[in-house]
Amino acid sequence: MDGIKYAVFTEKSIRLLGNNQYTSNVESGSTRTEIKHWVELFFGVKVRAMNSHRLPGKGKRMGPIMGHTMHYRRMIITLQPGYSIPPLIEKRT
């Protein structure tokens with residue numbers, strides 16, 4: 001699971017959970033087939049489709065020098081009907 005960094009929880013990603021689609025940030029050098037293999041192996045699910053896009057890094061100023069953060073890739077993974085990924089963060093009562 002080195003390629004998958006963390007799950008993304010935005011308004012759009014929460015809306016996509018109803019369609020059995022999960023969003024996560026992955027390493028920018030990972031390929032789609034690697035990510036698909038990792039998800040199927042680690043979570044024991046079947047992947048139906050994958051969409052990805054590369055997000056640019058943000059500019060950061062450090063005094064007079066302008067720098068930037070690294071770019072990263074975001075994957076939207078659609079699972080076969082009947083499969084689901086358990087929640088990664090559980091709220092304790």
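Colleague: Let's start with one ring. What is the relative accessible area of phenylalanine 43?

Modeller: Phenylalanine 43 comes out at 24%, so it counts as partly exposed, given that buried means under 20% and exposed over 50%. Bear in mind that this is a predicted model. Phenylalanine 42, with a relative accessible area of 54%, is exposed.

Colleague: And how do I read a pair of aromatic rings?

Modeller: You describe such a pair by two things, the distance of the centres and the angle of the planes. A search of the whole structure turns up 1 aromatic pair. Phenylalanine 42 and phenylalanine 43 make that pair: the centres are 4.9 Å apart and the planes stand at 85°, an edge-to-face arrangement.

Colleague: On to helices. Which way do residues three or four places apart point in an α-helix?

Modeller: They point the same way, because an α-helix has 3.6 residues a turn.

Colleague: How far apart are the end C-alpha atoms of helix α2?

Modeller: They are 16 Å apart. Helix α2 covers residues 32-43, and its 12 residues should span 16 Å at 1.5 Å a residue, so the expected span and the model agree. The expected span takes 1.5 Å times one less than the number of residues.

Colleague: What follows α2?

Modeller: Glycine 44 does, and its phi is positive, near 70°. Another glycine with a positive phi, of about 70°, is glycine 63, in the turn of the β4-β5 hairpin. Asparagine 20 also has a positive phi, about 65°, although it is not a glycine.

Colleague: Where does asparagine 20 sit, and what is it in contact with beyond its neighbours in sequence?

Modeller: Asparagine 20 is in the loop between α1 and β2. With a relative accessibility of 15%, asparagine 20 counts as buried. Once neighbours within four places in sequence are set aside, its contacts include Ile77, Leu79, Pro81 and Tyr83.

Colleague: Now the sheet. In what order do the strands come?

Modeller: The order is β1-β2-β6-β3, in an open sheet of 4 strands with antiparallel pairing. At the edges are β1 (4-7) and β3 (47-55), each pairing on one side only. Ignoring direction, neighbouring strands are turned by 30° against each other on average. Helix α2 packs on this sheet and touches β1, β2, β3 and β6, with its direction at about 130° to that of β3.

Colleague: How many bridges join β2 to β6?

Modeller: There are 6, linking β2 (residues 21-26) to β6 (residues 72-79) in the antiparallel sense. If you want to check the register, threonine 23 has isoleucine 76 as its bridge partner in β6, and valine 26 stands opposite arginine 73. On the β1 side, 3 bridges pair β1 with β2, again antiparallel. There, alanine 7 stands opposite serine 24.

Colleague: How do side chains behave in a regular strand?

Modeller: They alternate between the two faces of the sheet. In β2, Gln21, Thr23 and Asn25 point one way while Tyr22, Ser24 and Val26 point the other way, and all are buried. That fits the tally for the strand, where 6 of its 6 residues are buried.

Colleague: Which strands make the hairpin?

Modeller: β4 and β5 do, with 2 residues between them. Strand β4 (residues 59-62) and strand β5 (residues 65-68) are joined by 4 bridges and are antiparallel. Arginine 61 stands opposite methionine 66 in that pairing.

Colleague: One more residue: is serine 13 buried or exposed?

Modeller: Serine 13 is buried, because its relative accessibility is 4%, below the 20% cut-off. Serine 13 lies in helix α1 (residues 11-16). Its side chain reaches the backbone oxygen of valine 8 at 3.0 Å, and a polar atom of that side chain lies 2.6 Å from the backbone nitrogen of threonine 10. Setting aside neighbours within four places in sequence, serine 13 is in contact with Val8, Gln21 and Thr23.

Colleague: What would be a contrasting case, and where is proline 56 found?

Modeller: Proline 56 is in the loop between β3 and β4. At 59% relative accessibility, proline 56 counts as exposed. The C-alpha atoms of proline 56 and serine 13 are separated by 19 Å, and the two residues are 43 residues apart along the chain.

Conventions. Residues are numbered from 1 along each chain as its sequence is written. This is a predicted model: local features need pLDDT of at least 70, side-chain atom pairs count only at pLDDT 80 or more; totals for chains, interfaces and linings use all residues. Side-chain values use heavy atoms; hydrogens and water are left out. Two strands pair if DSSP finds at least two bridges between them. Axes are lines fitted to C-alpha atoms, for helices over the stretch in contact, and angles run from 0 to 180 degrees between N-to-C directions. Contact means heavy atoms within 4.5 Å. Buried means under 20% relative accessible area, exposed over 50%, partly exposed in between (1.4 Å probe, protein chains only). A polar contact is a pair of N or O atoms within 3.5 Å; within protein, one must be able to donate a hydrogen and the other to accept it, and residues adjacent in sequence count only if both atoms are side-chain atoms. Rings of Phe, Tyr and Trp (its six-membered ring) pair if their centres lie within 6.5 Å; planes under 30 degrees apart count as stacked, over 60 as edge-to-face and the rest as tilted.
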